[in-house]
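User: I should like to work through this structure by question and answer. Please show the sequence and the model before we begin.

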Amino acid sequence: MLWEVAPRAGWINPEMLPSLATVAQAWWLSLVTGELPYHTVASLVNCVAGLAAGVVIGILLGVSMAWHPLLNATVGTLVQMTFPIPRTALVPVMIVWFGLGASSKIAAIFSGCLLPIIVSAYNGARGTDPTLIWSALALGASRRQVLWQVVLPSAIPDAMAGVRTAIAIAFVLMVTSEFLVGGRGLGYLISFTGDAGAYPGMFAAVLTVAMLGFLADRGYLKLMTWMLRWRD
Amino acid sequence: MAGLTHPRHWHLTTIRVLSVVAFFVVWELVARIGAINPFLLPRPSLIFDQLQFEFMSGELMREVQGTLLRMFAGYSVAIVIGVPFGVLLARVWPVRWFFDPLLSIALPMPQIAFLPIFILWLGVGDQSKIALIVFTSLFPIVVQTWAGTDSIDKYLVWSAQSLGVSRRALLWQIVLPAAMPQILSGLQIALPIALLSTIVTEMLMGGTGVGGSIINGMRMSDSPELFGGIVTVGVLGFALTKGMDNLRRRLMLWHQESQA
């Protein structure tokens, strides 16, 4: 309400904060011309690709680090070394490595998603109830079976909580990498419309990103409670 | 069985140290025989030389100073706004009623996307950088303070009230100390976020800072500068989180969590 009234009444320069109706109009226009869907799809494809790779590799690494102390001491230590580096600082490295295209964006998103998932999967696997492992072994399960059928499933709830963090990070990296790399995507649309002075369009794009981030988080939360309904 | 048993500690520590050393030695050797393109990944000794050079010329100090100044400017504003706001959210229901829906939308969204809006409002100088740092690090502080204040033992508040404390004393002597652990957690979460947004704003908007140095290294195809910047940021991040851990231990000496 305040947002709609303030620019109209002239309290704020409408260039600085376009009224809600203007932004909605720009959003609709961008939607019909196919500009917004095009960039949204480009962004989400990168996001999903990076996240999916991060989930698979992160869970495998995290669980195997919990399973083999030796792997934990070697690979785990090296992974730990990269902890304090803000992930966004790696975007330029990815650009140098993979060029100015989708692959560097995906690699940046992947590198950001990997850590929280490794950590949470590791903690989840470490927290496996030892009696479960003992009983499985006593019932004649092989070590491989124990790993796949006892340790991995019991690491899933924690890993899924880690994925939620990873989703938030993925969105940050998605936007940052698109700001820096350009070409396609919502981040590019934001900086492009901003540079062009098309501020209602820029606000529309920013709000789209914000809404997507919100919806992804809420949707994932729903999915998580649904998938973990077998737990008490 | 090897998995999930208690590790022998001294043994594993040795392996840990060795693996880090081995990693750098292998990297250095592989780079020296020319197996990796030095543009894509310069060898560690080159990165070290670069850092030494930047340190000697005073550039490193200038960059680190610029980054830290912006970061702490934004971070402290976020604390000054975030903590009182979190307490208000927990203790004053109209505030909660108005801001709860806004917060639940604002929290999971990528706040970095608002940078162009801040640039539009505040120009391309340090103000918009700091504004984004405030904006990104504010939310964890608010949410944790809110949760911390909300979960205070009711009997603490009630007994203080029945002993006739003023509202002010209640806030300073009961509510804030009791919520302290979670407020500190909020600060601990917000610190890396503040560093991250500082780096992003510097990469996007330039200016003297480690992020600016990283993006310069990329643009000028100066890989040692690029990777030197990454190392610097990593060291900064490490030092900041460790410092924060220490601060927490100091401030929480009276609390049960330090007794263990």
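**Helix packing, interface and confidence in chain B**

Analyst: In this predicted model, helix H6 (residues 126–150) of chain B packs against helix H8 (residues 167–205) of chain B at an angle of about 160°, and their axes are 7 Å apart.

User: Are H6(B) and H8(B) roughly parallel or roughly antiparallel to each other?

Analyst: The angle between the two helices is about 160°. Angles over 145 degrees count as roughly antiparallel. H6(B) and H8(B) are therefore roughly antiparallel.

User: In the contact of H6(B) with H8(B), how many residues are nonpolar?

Analyst: H6(B) passes H8(B) in a right-handed crossing. By class, their contact includes 12 polar residues and 1 charged residue, and the number of nonpolar residues is 16.

User: Which residues of H10(B) make the contact with H8(B)?

Analyst: The axes of H8(B) and helix H10 (residues 223–251) of chain B come within 11 Å and cross at roughly 165°. From H8(B), the contact draws on residues including B:Met180, B:Leu184 and B:Leu187. By class, the contact has 12 nonpolar, 3 polar and 1 charged residues. On the side of H10(B), the residues are B:Val233, B:Leu236, B:Gly237, B:Leu240, B:Thr241, B:Met244, B:Arg248 and B:Leu251.

User: Which helix supplies the largest share of the side of chain B that touches chain A?

Analyst: In the model, 41 residues of chain B are in contact with 43 residues of chain A. H1, helix H5 (115–122), H8, helix H9 (210–219) and H10 of chain B each supply at least two residues of this side of chain B. That side divides into 34 nonpolar, 6 polar and 1 charged residues. Its largest share, 8 residues, comes from H10(B).

User: Of the 9 residues of helix H7 (residues 154–162) of chain B, how many are buried?

Analyst: A residue counts as buried if 20 or more other C-beta atoms lie within 10 Å of its own. Helix H7 of chain B lies largely in the open, because the number of its 9 residues that are buried is 0.

User: In which helix of chain B is confidence highest?

Analyst: Chain B averages a pLDDT of 86, and 95% of its residues score at least 70. Over residues 1–5 of chain B, however, the pLDDT is below 50. Among the helices of chain B, confidence is lowest in H1 (residues 9–32), at a mean of 81, and highest, at 93, in helix H3 (residues 59–91).

User: What ipTM does the predictor give the complex?

Analyst: The predictor reports two scores for the complex. The pTM is 0.85, and the ipTM is 0.81.

How values were computed. Residues numbered from 1 in each chain as written. Chains lettered and ligands numbered in written order. Predicted model: local features only at pLDDT ≥ 70, side-chain atom pairs only at ≥ 80, totals over all residues. pLDDT = per-residue confidence, 0-100. Helix = DSSP H or I, 4+ residues; strand = E, 2+ residues; numbered from the N terminus. Contact = placed C-beta atoms within 7 Å. Buried ≥ 20, exposed ≤ 12 C-beta atoms within 10 Å, placed from the backbone. Axes fitted to C-alpha atoms, helices over the stretch in contact; angles between N-to-C directions. Parallel < 35°, antiparallel > 145°, perpendicular 65-115°, else oblique. Left-handed = near helix turned anticlockwise from the far one by under 90°. Nonpolar A, V, L, I, M, F, W, Y, C, P; charged D, E, K, R; others polar.
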